[in-house]
Amino acid sequence: MTVDHKPHPKPVQYVQIALVLGVLTAVEVVLYYTEDTVGVFTNPLLIILAVGKFVIVVGWFMHLKFEDPLINKFFTGGMILALILFAIVMFERAAANFI
Amino acid sequence: MTKIIEPKKQSNIFKRPSSETGVWSWITTVDHKRIGIMYGYAAFFFLLVGGIEALLLRIQLASPDNNFLSAAEYNAMFTMHGTTMIFLAIMPISAAFFNYLLPLQIGARDVAFPRLNALSFWIFIFGGGFLYSTFLFGTAGAPEGGYLAEEVSRLGSAPNGGWFGYQPNASMKYSPGTAMDYWAIGLQILGIASLVSAFNFITTILNMRTKGMRLMRMPVFTWMTFAVSFLLAFSLPIIAIALFYVTFDRQFGTTFFLTEGGGDPVLWQHLFWLFGHPEVYILILPAFGIVSEVLPTFSRKPLFGYPAIVFAGFGIAFIGFGVWAHHMFASAISPVAQAGFGLSTMVIAVPTGVKIFNWLGTIWGGKLIMKTPMLFSLGFIGMFLIGGLSGVTHAIVPADTQQTDTYYVVAHFHYVLFGGAMFGIFSGLYYWFPKVWGKMYNETLGKIHFWLMMIGFNLTFGPMHWLGLQGQVRRTWVYAEETNLAFWNLIVSIGAFIIALSILVFMANWIYSRRKGPEAGFDPWDARTIEWSIPSPTPVWNFSKPPEVKSLDHFWHMKYDEDEEGRPVKKETADAMLLELEKEGLNPKEDIALPNPSYFPIVLASGLPFLGYAVIYKSLPLAIVGALLILIGSFGWGTEPLEEEFIEDSDDE
Amino acid sequence: MSDSQSYPHEDTGVETRKLGMWVFLSTEILFFGTLITTFMIFKGRDFPGIKLSDVYDIPFTSVSSFILLMSSLTMVLAHNALENGDQEKTRVWLLSTAMLGAVFLAGQIYEFTEFYHKGFELSSNIFSSTFYVLTGFHGLHVFIGVVLLIALWGIGQRQNGLSLDGGMNLEFVALYWHFVDIVWIVLFTVVYLI
């Protein structure tokens, strides 16, 4: 059985990463409450924060950053496929309903 | 001689089963070959059932103003015919081929996850049984204000919303009763089986190839298995959710697809066809793979353009995800979507064309051996081409608006699915028959089967092209005399019975040849790929020692050199080598480890229908039984020992 | 396949079960993608009736989200402990992860009950249906994860320690658990905040 011994972060680093995640979550909640001030930037910022947290957990906790590129291709491939297909469906439904 | 030793260590609560013969050994098997055989027989049984459903439809339509079937029964029959043929016949037959052949073609002992493999099979069996239990327990009521008899017979008490279950027709309001729940939940269960297989095959192909079997040395059939697995893996989750939505709408009062509650019926179409279109490529790619194996063998030439065929296969799979809304051109989707999908549908003809040219290139200049597998593969090219051409005409949106919901579409998909997939499958069944059973089928009966089927098939589906363009509408139980459709409909129905006759010939050949057919030897076709280098019938351990592959068509190159003009010249040592190979194949020199059989796949699978019935009949006890079976199955699976059966090495040198 | 050491073969260099788990997770993207897309398609529509924004409690959900995020930390610490051979710590972190997961679930149940009492039911309208089915499936996945974690902990207890090679491997359960977390990261933003 091929057992891979990839390098991984130490416990202390994991805690630091978790702290970052916590901070990002806090910013998200703050953004929710300051929506009026931030205005039209709110949603894009929220999305960026969510994507950031997503990438951090996938890359470091799930170890994808350190894994074989093949696994990366599967996961990223699935994500891109999903994003494209669902974007088309959403646009089509929006267009059909509002045009 | 070799003998199988029982596992020595039993370190946990559950002993693994160890019988080799009898029903119990089949129930607990994890051997890919046995699983493949069981898939094959079960799928063929459902093929016959689906065929009978078709014959009933054709009897009804053989003459105008007929009432052989009531409207309710007709709706049930065409729905079950489509659902059965797609999910219970073609997909499982393809699974039979994948299961049996994949490890052999890549030189492995078994798949990556043998118990998961068994699980797929048992879920398929229970799912099919669950779906068909509708005829025993299901009810199909009359929708408010609709036209249906008060009392619906048993034959009509089956899913009746089409295999595609369009909303809101398939909602509780317009399809009261339980039949459409059997459909939604049945498909849900069947989907799990295929999804699980997909992981298995992807992992197997990536990680279990024998030494030297680089990806670009794999047989085309293996590549198509790979592509199909991706299609399954990424499309099934979408329909799983969609089917949950249907069940929730019908059983729990939600309104995902019902406008009364703010829902959107077109969303169902999107989600269904997001799966449904990749599904049709799932149905055809295995046949592409089979034909790509048969044509070179019976043309005595290598496959023309191997890399092109591989990449075209993946191109089709990939683009296949981008054409789904061509099933929705008439469903009030936005014009931009219509244009986009019309374009992508035309584009997908390109890689398909590439494959056809490559197959023709394979045959061109070859020394053709016109045995039954070759006849079916040649027939495949012709029939699939016709179906592909009518398919391209659908890509033109205004033309499609005329063709949609007419028999023209029925003609198209039967040419590609029957003339394409089924012909390819028959080609494969004849081709690998000697490998699986060790006997040769009867060639004369094979030819009779082929010609009867060709004639019957074209008589059945050819006229549907013009019947459709003349206005015969799909899914309609009766047509009036005045429509002038009677003559060709009668021809169509006669054709259907000729197909049935040809199937009887096939069955007779199969049964007779398995018993009394001549011994086939391990390489009766002088073939190219490594599954032909081991004894027939395949020994349980597949390869007595792991093969080491040096090139594409490795087995061929073991037997043949090439002269200056590229023509094959049999090596002098070939015959002696083949004899040695056969002896070695039957008598492994070392201990061989095989995965152990297990009870837990069937236990786990058996819980699913209970959950299904629990949802339909709102029964907590049934739900608990189902959940317990799943839990016990999972827990036992996770904790049973992993040691394998050992096959003691042979005593002779 | 245990005899693969004696059966020379070509492979990708990635351990087979890990590969299988990543393929599975890639398909789950499509699964949750469909649920999220459906939710988003209906979110902006003009339809009368109770909406999620009428009933939710952002501070409460924020705390739940934070708890689930922290469970990913304890999960990764459990894996780390196992790699270092510390069985005792592994079990502690495993149990912590399971408990954080259970707290998250309890929070969800509490939330849903509150919403229900305010008239936001499964079949109220399309907004409630999409909400409950989306978050419900996520919750189901969390539940299965908690069961897997407790099962691992139990096996560790009984067998006097988990091996990195065993049948039910901690690494794969960890991958599943993190996946459930990242789905929530998306859900929290898309469902509650935006």
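Which residue of chain B forms a salt bridge with Arg45(C)? Here is a friendly set of notes on that and a few other places to look; please keep in mind that this is a predicted model.

1. **The B–C salt bridge.** The partner of Arg45(C) is Asp264(B), and their closest N and O atoms are 3.0 Å apart. The count of salt bridges between chain B and chain C is one. Polar contacts add to the picture, with six residue pairs found across this interface, both residues being at pLDDT 80 or more.

2. **What builds chain B's side of that interface.** Several elements of chain B give two or more residues each to the side that touches chain C: helix 6 (179-207), strand 2 (209-210), helix 7 (220-251), helix 8 (265-299) and helix 20 (620-639). Helix 7 of chain B supplies the largest share, nine residues. Sorted by class, this side of chain B holds 28 nonpolar, 15 polar and seven charged residues.

3. **Extent of the B–C contact.** Chain B brings 50 residues to the contact and chain C brings 41 residues. Together the two chains bury about 3800 Å², with 71% of that on carbon and sulfur atoms.

4. **A strand pairing between chains.** Have a look at strand 2 of chain B, which runs antiparallel to strand 1 (residues 9-10) of chain C and is joined to it by two bridges. For Thr210(B), the bridge partner in that strand of chain C is His9(C).

5. **Chain C by itself.** Six helices and one strand make up the list of elements in chain C. Along the sequence their order is β-α-α-α-α-α-α. The C-alpha trace of chain C spans about 65 × 35 × 25 Å along its principal axes.

6. **The A–B contact.** Here 13 residues of chain A meet 17 residues of chain B. The buried area is about 1200 Å², and carbon and sulfur atoms give 81% of it. Three residue pairs are in polar contact between these chains, both residues at pLDDT 80 or more. On the side of chain A that touches chain B, the residues divide into nine nonpolar, two polar and two charged.

7. **Asp264(B) again.** Which residue of chain A forms a salt bridge with Asp264(B)? That residue is Arg93(A), with the closest N and O atoms 2.9 Å apart. One salt bridge is found across the interface of chain A and chain B. Asp264(B) therefore appears in a salt bridge with Arg93(A) and also in one with Arg45(C), by the rule that a Lys or Arg side-chain nitrogen lies within 4 Å of an Asp or Glu carboxyl oxygen.

8. **Backbone details worth a check.** Most residues other than glycine have a negative phi, and most peptide bonds are trans. In chain B, the bond from Gln167(B) to Pro168(B) is cis, with omega near -5°; Pro168(B) sits in the loop between helix 5 (134-137) and helix 6. Another cis peptide bond joins Ser536(B) and Pro537(B), with omega about -10°, and Pro537(B) is in the loop between helix 16 (486-516) and helix 17 (554-559). In chain A, His63(A) is not a glycine yet has a positive phi of about 75°; its place is the loop between helix 3 (42-61) and helix 4 (69-98).

9. **Confidence in chain B.** The mean pLDDT of chain B is 92, and 94% of its residues reach 70 or more. Residues 1-14 of chain B have pLDDT below 50, and this stretch has 34 contacts in the model beyond near neighbours in sequence. Residues 645-653 of chain B are also below 50, with 36 such contacts.

Notes:
Residues numbered from 1 in each chain as written. Chains lettered and ligands numbered in written order. Heavy atoms only, no water. Contact = heavy atoms within 4.5 Å. Buried area = accessible area lost by both parts, 1.4 Å probe. Polar contact = N/O pair within 3.5 Å; in protein donor to acceptor, adjacent residues only side chain to side chain. Helix = DSSP H or I, 4+ residues; strand = E, 2+ residues; numbered from the N terminus. Nonpolar A, V, L, I, M, F, W, Y, C, P; charged D, E, K, R; others polar. Pairing = 2+ DSSP bridges. pLDDT = per-residue confidence, 0-100.
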